[in-house]
Amino acid sequence: IISTMKTATFTALSLLVGVSNGFTPPASRPLSCHQYSSSTTTAQYAVEEGHPAVIGWPEKYSEGGGSIDDGTTGPEILSTEFQIQNASSSQLQQLDVENWPTWTTSDKPKWGVGNQVVDKEMPYGELSYVLSGKLEIIPQSTGVPEIVNVGDFVTFPKGFVASWKVLEELTWHYYLY
């Protein structure tokens, strides 16, 4: 199965790298677990030795009720840089956020309220939507604390390094790419 997964081609997953909005990964930050082929009208992905969480994400999305086959709504990459932005209701609907998998700090002692994780490096890209809680993120590149609140989208590009401090127990929907 694993060797099949490594060579399987997925044409219906075009939304996973935002092909629908013209996203092409910059040369300085190539995608490690998916490769986009611009020679086809839909994205083709050859699953390589990517992070298990990214490889398993499409199944979690489908299990939550999401459909990557409809082509009209679904997850997209909003930014190639670390970014916190307030989500609009139209974005939530267009990105089908309610069907994204959910993650919480409630059952993870490492992420308990008041705990700080120093210099966490993102092994994959992630777009998160905060349902509850509050988080302080201090990007290594700036050293300036930023607060993530309920209703925010947060883009964590692959390779992003920051210190994280949970200020209030968190629950969020997530999209991995």
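**Close-up A. W164 and its contacts in the predicted model.** Here's W164 in a predicted model. Setting aside neighbours within four places in sequence, W164 touches W111, N115, Q116, V117, K120, M122, L135, E136, F156 and W172. L135, F156 and W172 turn up again in the next view, as does W164.

**Close-up B. The largest nonpolar core.** This core has 32 residues. W100, L135, I137, F153, F156, W164 and W172 are the ones with the most contacts inside it. Elements chipping in two or more residues are α2 (52–63), β6, β8 (152–156) and β9 (161–176). The biggest share comes from β9, with eight residues.

**Close-up C. S128 on strand β6.** S128 sits in β6, which runs over residues 126–139. With a relative accessibility of 0%, S128 counts as buried, because the cut-off for buried is under 20%. Its side chain makes a polar contact with the side chain of E126, at 2.6 Å. Leaving out neighbours within four places in sequence, S128 is in contact with D152, F153, V154, F156, W172, H173 and Y174. F153, F156 and W172 should look familiar from the core view.

**Close-up D. S88 in the loop between β3 and α3.** The loop holding S88 links β3 (83–86) to α3 (89–94). S88 comes out as partly exposed, because its relative accessibility is 29%. The S88 side chain makes a polar contact with the side chain of S90, at 3.1 Å. Look for G151 here too: 63 residues separate S88 and G151 along the chain, yet their C-alpha atoms are 8.4 Å apart.

Methods:
Residues are numbered from 1 along each chain as its sequence is written. This is a predicted model: local features need pLDDT of at least 70, side-chain atom pairs count only at pLDDT 80 or more; totals for chains, interfaces and linings use all residues. Side-chain values use heavy atoms; hydrogens and water are left out. Helices (H or I, at least four residues) and strands (E, at least two) are DSSP runs, numbered from the N terminus. Buried means under 20% relative accessible area, exposed over 50%, partly exposed in between (1.4 Å probe, protein chains only). A polar contact is a pair of N or O atoms within 3.5 Å; within protein, one must be able to donate a hydrogen and the other to accept it, and residues adjacent in sequence count only if both atoms are side-chain atoms. Contact means heavy atoms within 4.5 Å. A nonpolar core is a set of buried Ala, Val, Leu, Ile, Met, Phe, Trp, Tyr and Cys residues joined through side-chain atoms within 4.5 Å.
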